[in-house]
Amino acid sequence: MPTELSPREILAKLVSFPSVSSTTNLPLIDWVQEYLEGWGAECVRILSPDGTKANLYVHCGPKVEGGVVLSGHTDVVPVDGQPWTDDPWELTERDGRFYGRGTADMKGFDALAIAAVPLAIKAGVKRPLQLALSYDEEVGCTGCVSMVEAMARDLPRAAAVIVGEPSSMRVVTGHKGSRSIDTKIIGVPVHSSRQHLGVSAVHEAGRILNWLNETNDALMSAKPTETAALFDPPFTTVSVGVIHGGEANNITAGECTFKLGYRVVPDENVDDWGARYREVVDQVERRMKAVGPAARIELSHSFTVPPLVPEADGAAEELARGLTGDNSVNVVSYGTEAGHFQANGYSTVVCGPGDIAQAHTPDEFIEISQFEAGWDFMQRLVTRLSQ
Ligand SMILES: [Zn+2]
């Protein structure tokens with residue numbers, strides 16, 4: 001048996017790996033796998049297509065159904081250009097808080113989940129404790145997809161999944177789905193004195209943005225459904241955050257690119273919205289081709305995060321409410337990996353220590369009292385799995 005590390009020691013170790021989404025997380029995964037295999041847990045690694053990153057899922061306890069999955073991502077957002085008081089890659093305790101990149105989002109939860117494994121093994125749990133540690137959550141929850149599918153296929157089915165994104169230990173039962181689509185408009189450049197003979201990619205992008213504005217206005221003024229009414233805002237939104245196009249003021253633009261993103265309330269379908277966008281794009285493209293046959297619009301799918309739909313009498317909700325005592329109704333407007341678990345048939349909620357307000361910020365921290373509340377949660381969970 002290895003030396004048992006405290007949750008705090010594990011957190012300090014995890015923070016010391018600068019596992020920004022754009023870089024490898026393998027040193028972190030190596031360390032976690034070695035530690036947990038030392039305790040006798042079964043670990044399975046699922047590599048990214050290019051082999052530079054990995055998911056790690058962990059099983060401990062008997063090979064029976066009815067266990068619990070603790071899900072966390074190992075990647076963090078960059079610190080570039082942010083004013084940090086201390087080294088972001090070193091855990092610093094100050095004023096009742098642990099500072100460091102990822103302390104809130106979400107290495108704090110990861111550390112508690114990892115620390116719960118030796119606890120579960122020593123307790124001889126009757127139902128399994130499983131961990132799901134992913135990569136590339138911060139760039140569209142794309143890394144976990146292969147792991148969630150493998151767990152659903154290869155492991156005894158867990159009764160509940162707890163995704164430990166920072167929720168101040170409140171039980172979150174729903175979030176919006178999202179999709180990001182890269183749009184590239186290719187026009188026909190001519191001198192702007194003859195613009196009727198060309199196709200301006202920028203002007204055509206304007207038609208799509210016009211549709212976007214009208215759609216948002218209509219969605220905002222519609223009466224929300226019961227589920228949608230839980231959200232702020234209580235409707236689906238469409239946005240374009242960045243747009244690039246054009247070469248010079250006297251040339252009709254040859255190219256215009258933008259990223260379009262949806263945030264979809266759970267009772268609407270992300271795929272339906274994707275299809276609706278396709279129709280709009282096809283319409284605009286037909287007009288363009290009537291002027292210049294070479295003009296076109298290329299769409300590439302960037303990512304989809306399924307929504308987390310509030311479950312009626314969900315096992316995960318019941319478990320998390322029992323362990324935390326929280327009975328408040330909570331939904332959030334950002335996506336998490338919970339949608340992927342639920343889409344694979346798992347009863348799922350989001351519940352984790354720390355405040356989402358500190359996520360991605362300089363001087364990110366987790367209140368030590370939250371970290372301790374998270375540890376209480378883990379201890380109660382292990383007791384529950386041992387009964
Ligand atoms: Zn997160």
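**Entry 1: salt bridges**

I started at arginine 296, which forms a salt bridge with glutamate 298, the closest N and O atoms being 3.0 Å apart. My rule for a salt bridge is a side-chain nitrogen of Lys or Arg within 4 Å of a carboxyl oxygen of Asp or Glu. I am working on a predicted model, where local features need pLDDT of at least 70, side-chain atom pairs count only at pLDDT 80 or more, and totals for chains, interfaces and linings use all residues. Residues are numbered from 1 along each chain as its sequence is written, and side-chain values use heavy atoms, with hydrogens and water left out.

I looked up exposure for the pair. Arginine 296 is partly exposed, at a relative accessible area of 33%. Glutamate 298 is partly exposed too, at 34%. I call a residue buried under 20% relative accessible area, exposed over 50%, and partly exposed in between (1.4 Å probe, protein chains only).

How many salt bridges does the rule give? The count comes to 16. I picked out arginine 8 and glutamate 93, whose side chains meet at 2.6 Å, N to O. This pair links distant parts of the chain, 85 residues apart: arginine 8 sits in helix H1 (residues 7-15) and glutamate 93 in strand S4 (residues 92-94). I take helices (H or I, at least four residues) and strands (E, at least two) as DSSP runs, numbered from the N terminus. Arginine 8 is partly exposed at 39% relative accessibility. Glutamate 93 is partly exposed at 45%.

**Entry 2: arginine 321**

I moved to helix H7, where arginine 321 has its place. Its side chain meets that of glutamate 317 in a salt bridge of 2.9 Å, N to O. The two are 4 residues apart in helix H7 (residues 315-324), so about one helical turn separates them. I followed the links onward: Glu317, Arg321 and Asp326 are joined in a network of salt bridges.

Is arginine 321 buried or exposed? It is buried, with a relative accessible area of 15%. I listed its contacts, leaving out residues up to four places away in sequence: Val171, Thr173, Asp326, Asn327, Ser328 and Val329. Contact here means heavy atoms within 4.5 Å.

**Entry 3: two tryptophans**

I found tryptophan 39 in the loop between helix H2 (26-38) and strand S1 (42-47). Tryptophan 39 counts as buried, at 7% relative accessibility. Proline 118 is 79 residues away along the chain, yet the C-alpha atoms of the two are separated by 6.2 Å. Beyond neighbours within four places in sequence, tryptophan 39 is in contact with residues including Met1, Pro2, Pro118 and Ile121.

Tryptophan 89 is in the loop between strand S3 (68-73) and S4. I checked its distance to proline 18: 6.3 Å, C-alpha to C-alpha, with the two positions 71 residues apart in sequence. With neighbours within four places left aside, the contacts of tryptophan 89 include Phe17, Pro18, Val76, Val79 and Arg101.

**Entry 4: domains**

I read the domain split next. Domain 1 covers 7-174 + 307-386, and domain 2 covers 177-305. The bounds come from an automatic or database domain assignment. Their centres, taken over C-alpha atoms, are 35 Å apart.

At the interface, 17 residues of domain 1 are in contact with 12 residues of domain 2. The buried area is about 1,000 Å², and carbon and sulfur atoms give 70% of it. I use buried area for the accessible area (1.4 Å probe) that two parts lose on being put together, summed over both. In domain 1, Pro307, Val331 and Ser333 lose the most area to domain 2, together 46% of what that side buries.

How many salt bridges are there between domain 1 and domain 2? I count 0. On the side of domain 1 that touches domain 2, I find 10 nonpolar residues, 7 polar and no charged. In that tally Ala, Val, Leu, Ile, Met, Phe, Trp, Tyr, Cys and Pro are nonpolar, Asp, Glu, Lys and Arg are charged, and the others, Gly among them, are polar.

**Entry 5: backbone**

Most residues other than glycine have a negative phi, and most peptide bonds are trans. I looked for exceptions. A cis peptide bond joins aspartate 105 and methionine 106, with omega about -10 degrees. Methionine 106 lies in helix H3 (residues 103-123). Another cis bond joins aspartate 232 and proline 233, with omega about 0 degrees. Proline 233 is in the loop between helix H5 (201-221) and strand S10 (237-245).

Serine 168 has a positive phi, near 55 degrees. Histidine 360 also has a positive phi, near 70 degrees.
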